[in-house]
Amino acid sequence: MQAEIDQETVLALIGAARQARARAYAPYSRFAVGAALLAEDGTVIEGCNVENASSPLGLCAERAAVAAAVVRGYRRFRAIAVVGGERAISPCGGCRQVLREFGDFWVVGGNADGTALERWRLSELLPAAFGPGLGE
Ligand code: THU
């Protein structure tokens, strides 16, 4: 069972996601998203969406954060925060699957200014998931 996550940690993670959002490259949708993963050792790894003129090649903030974490050697996480828009957002379906690859941890969704927050477990957002080990 994943440990609870305290409010101070949640707010720090939302702050990191908001900073990442400021660096989003979203000239097509103009919907900037920032994400911040909290690794088990307390390290925070950020990501932002990176769009492309060829729209299907655009990358979501969550997946950018996962790639940045994995290349730094992090594969175990306590939480991810994601922020964007006027209302709290949650990861898209594809990102839920990518996150699930690395466990079942907390997902905190926020709006752009960090005032509206919601939190879920990944297993709530992606129930009955196809995960590591099942396709072997
Ligand atoms: N986006 C994310 O980066 N994460 C989400 O959770 C939702 C959507 C991005 C994809 C695209 O660049 C823009 O937001 C609009 O959909």
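These are my notebook entries on helix packing, nonpolar cores and aromatic pairs in a predicted model.

**Entry 1: helix α1**

I began with helix α1, which spans residues 7-21 and has 15 residues. From its first C-alpha to its last, α1 reaches 21 Å, close to the 21 Å expected at 1.5 Å a residue. I then looked up which residues of α1 are buried, and found Val-10, Leu-13, Ile-14, Ala-16, Ala-17 and Ala-20. These residues lie on the same side of α1, because they cover an arc of only 160 degrees around the axis. I noted the general rule that an α-helix has 3.6 residues a turn, so residues three or four places apart point the same way.

I turned next to the face of α1 that points away from its buried side; there I recorded Glu-8, Ala-12 and Gln-19 as exposed. For the buried side I asked what it packs against, and the partners are the strands β1 (34-39), β2 (44-48), β3 (77-83), β4 (106-110) and β5 (117-121). At the N-terminal end of α1 I found a cap: a side-chain oxygen of Asp-6 lies 3.2 Å from the backbone nitrogen of Glu-8.

**Entry 2: helix α2**

In α2 I listed Ala-61, Glu-62, Ala-64, Ala-65, Val-66 and Ala-69 as buried. I found that the buried residues of α2 pack against β1, β2, β3 and α3. After α2 comes Gly-73, for which I noted a positive phi, near 95 degrees.

**Entry 3: nonpolar cores**

The largest nonpolar core holds 20 residues, and I looked up which of them touch the most other members: Leu-37, Phe-77, Ile-80 and Phe-105. I recorded β1, α2 (61-71), β3 and α4 (122-125) as the elements that give two or more residues to this core. The largest share, four residues, comes from α2.

I followed Leu-37 further, leaving aside residues up to four places away in sequence. Its contacts include Leu-13, Val-44, Ala-65, Ala-69, Phe-77, Ile-80 and Phe-105. Apart from the largest core I found another core, of 13 residues, among them Ile-5, Ile-14, Leu-38 and Ala-81.

**Entry 4: aromatic pairs**

How many aromatic pairs does the structure hold? I found two. Phe-77 and Phe-102 form an edge-to-face pair, with 6.2 Å centre to centre and 75 degrees between the planes. Phe-77 lies in strand β3 and Phe-102 in the loop between α3 (93-100) and β4, so this pair ties together parts that are 25 residues apart in sequence. I checked the exposure of both rings' residues. Phe-77 is buried, with a relative accessible area of 3%, whereas Phe-102 counts as partly exposed at 23% relative accessibility.

Phe-77 and Phe-105 also form an edge-to-face pair, for which I noted 5.8 Å centre to centre and 65 degrees between the planes. Phe-105 lies in the loop between α3 and β4 and Phe-77 in strand β3, so the pair ties together parts that are 28 residues apart in sequence. I recorded Phe-105 as buried, at 1% relative accessibility. I closed the entry with Phe-77, Phe-102 and Phe-105 as one aromatic cluster.

Conventions: Residues are numbered from 1 along each chain as its sequence is written. This is a predicted model: local features need pLDDT of at least 70, side-chain atom pairs count only at pLDDT 80 or more; totals for chains, interfaces and linings use all residues. Side-chain values use heavy atoms; hydrogens and water are left out. The expected span of a helix is 1.5 Å times one less than its number of residues. Buried means under 20% relative accessible area, exposed over 50%, partly exposed in between (1.4 Å probe, protein chains only). The arc is that of the directions from the helix axis to the C-beta atoms. Contact means heavy atoms within 4.5 Å. A polar contact is a pair of N or O atoms within 3.5 Å; within protein, one must be able to donate a hydrogen and the other to accept it, and residues adjacent in sequence count only if both atoms are side-chain atoms. A nonpolar core is a set of buried Ala, Val, Leu, Ile, Met, Phe, Trp, Tyr and Cys residues joined through side-chain atoms within 4.5 Å. Rings of Phe, Tyr and Trp (its six-membered ring) pair if their centres lie within 6.5 Å; planes under 30 degrees apart count as stacked, over 60 as edge-to-face and the rest as tilted.
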